[in-house]
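Please open the structure in your viewer and keep the sequence panel beside it. This tour goes from one selection to the next and says what is to be found at each stop.

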Amino acid sequence: MFATTAPGKVILFGEHAVVYGRPALAAPVTHLRARATVVPTGRPDVGLIAPDLGRTMRLSAAPTDNPLAVAIRAVAAHLGRALSDGYDLTVGSDIPIASGLGSGAAIAVAVIRALALYAGPAGGLSREIVSRLAYEVERLHHGTPSGIDNTVIAYEQPVYFVRREGGNLIEPFAPARPLRLLIGDTGVRSATRDVVGDVRRRWQAEPARFEAIFDACGRVADAGRAALAVGDLATVGRLMDENHIWLARMTVSSAPLDTLVAAAQRAGALGAKLSGAGRGGNMIALVTAETEQAVAMALSAAGAVRVYRSDVG
Ligand code: PMV
């Protein structure tokens, strides 16, 4: 049996603008994980098993755009061997789906790693290759993904990321002081592909305005990185507040997200913003040991269906 896991993620700064080449920062959420298991069976065909979804199917009967089938094909092409029979692939995840926490990319990374252990070189595949293969699966969910989700999840480290022709800039970093984050879930599911597509249409309709918003988000991400490097958490928080305002101008916030962000700010968070594609999903709040409890209670009182704690660094 070959079993692997992969973490969820939050975007600290720069979602959406990252699709347009501006810098962004993301961090893994290590205690929310996706799991994949490969069990050799010696039988023809491959069993695809998702107990959380109550779903089982044979690979030969799966639609060609099934994300597990796409992941299997990507690994098979990379390894130069067929992976179309002889095992069962089981997946599961603690990461809420369609909520900006990277569940799709985490399942892809876990599956790719499990298949690599089963059929690949001793020691598995490098994180660069795992990330690249997971990107192929991400294209299904997103249309035009920046690559930040598969990168932060495959590296399992905070990363500074810039999408670039001919090779993305990927710089893992460690904050000078650990970040204590609360993640507040609106409970509203939102498909990243739809939100990213809508931002693209708005950018096409009003290119100058959206380019200026993306530039502002990029400046915030760079300033955030500098503040993280010196452990200036007050500035990190202020920049999170600012990033949220730019995301709202991009039209990707929503009433529930704005309500949770405002509740966290009022309860004493150093800063708060939506995280991920928006229009639903999750927001993050930067707190301290002193403010954590009050902010968590304020988020629940303001309607968060779940509040998670996640530390960075
Ligand atoms: O998968 P989500 O919802 O966390 O969104 C990823 C971040 C975006 O910038 C909105 C899209 C992308 O490909 O970077």
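**First stop: a pair of strands**

Select V10 and then look across to β2, where the bridge partner of V10 is A27. Bear in mind throughout that this is a predicted model. If you now widen the selection to strand β1 (residues 2–13) and strand β2 (residues 24–40), you have two strands that run antiparallel and are joined by eleven bridges. Colour β1 by accessibility and you will find that the strand is mostly covered, since nine of its twelve residues are buried.

**Second stop: an open sheet**

Next, select the four strands that form an open sheet in the order β9-β10-β8-β11, with antiparallel pairing. The edge strands are β9 (271–275) and β11 (306–312), each of which pairs on one side only. On average, and with direction ignored, neighbouring strands of this sheet are turned by 25° against each other. Strands of a sheet pair through backbone hydrogen bonds, either parallel or antiparallel. To follow one such pairing, select β8 (residues 179–185) together with β10 (residues 282–287), which run antiparallel and are joined by six bridges; within this pair, D185 stands opposite N282 of β10. Then add helix α7 (residues 233–249), which packs on the sheet and touches β8, β9 and β10, while its direction makes about 45° with that of β9.

**Third stop: one residue in β9**

Now select A272, which is found in strand β9. Is A272 buried or exposed? Its relative accessibility is 0%, and therefore A272 counts as buried, the cut-off for buried being under 20%. Leaving aside neighbours within four places in sequence, the residues in contact with A272 include G237, M240, D241 and H244, as well as V261, M283 and I284. Draw a distance between the C-alpha atoms of A272 and I284, and the viewer should show 5.6 Å, although these residues are twelve apart along the chain.

**Last stop: two helices side by side**

Finally, keep α7 selected and add helix α6 (residues 207–230), whose axis comes within 9 Å of that of α7 and crosses it at roughly 165°. Because angles over 145 degrees count as roughly antiparallel, α6 is roughly antiparallel to α7. The crossing of these two helices, α6 and α7, is left-handed. To see where they meet, show side chains including I213, C217 and V220 in α6, and V236, L239 and W246 in α7. The residues of this contact between α6 and α7 divide into ten nonpolar, three polar and three charged.

How values were computed
Residues are numbered from 1 along each chain as its sequence is written. This is a predicted model: local features need pLDDT of at least 70, side-chain atom pairs count only at pLDDT 80 or more; totals for chains, interfaces and linings use all residues. Side-chain values use heavy atoms; hydrogens and water are left out. Two strands pair if DSSP finds at least two bridges between them. Axes are lines fitted to C-alpha atoms, for helices over the stretch in contact, and angles run from 0 to 180 degrees between N-to-C directions. Contact means heavy atoms within 4.5 Å. Buried means under 20% relative accessible area, exposed over 50%, partly exposed in between (1.4 Å probe, protein chains only). Angles under 35 degrees count as roughly parallel, over 145 as roughly antiparallel, 65 to 115 as roughly perpendicular and the rest as oblique. A crossing is left-handed if the near helix is turned anticlockwise from the far one by less than a right angle, and right-handed if clockwise. Ala, Val, Leu, Ile, Met, Phe, Trp, Tyr, Cys and Pro count as nonpolar, Asp, Glu, Lys and Arg as charged, and the others, Gly among them, as polar.
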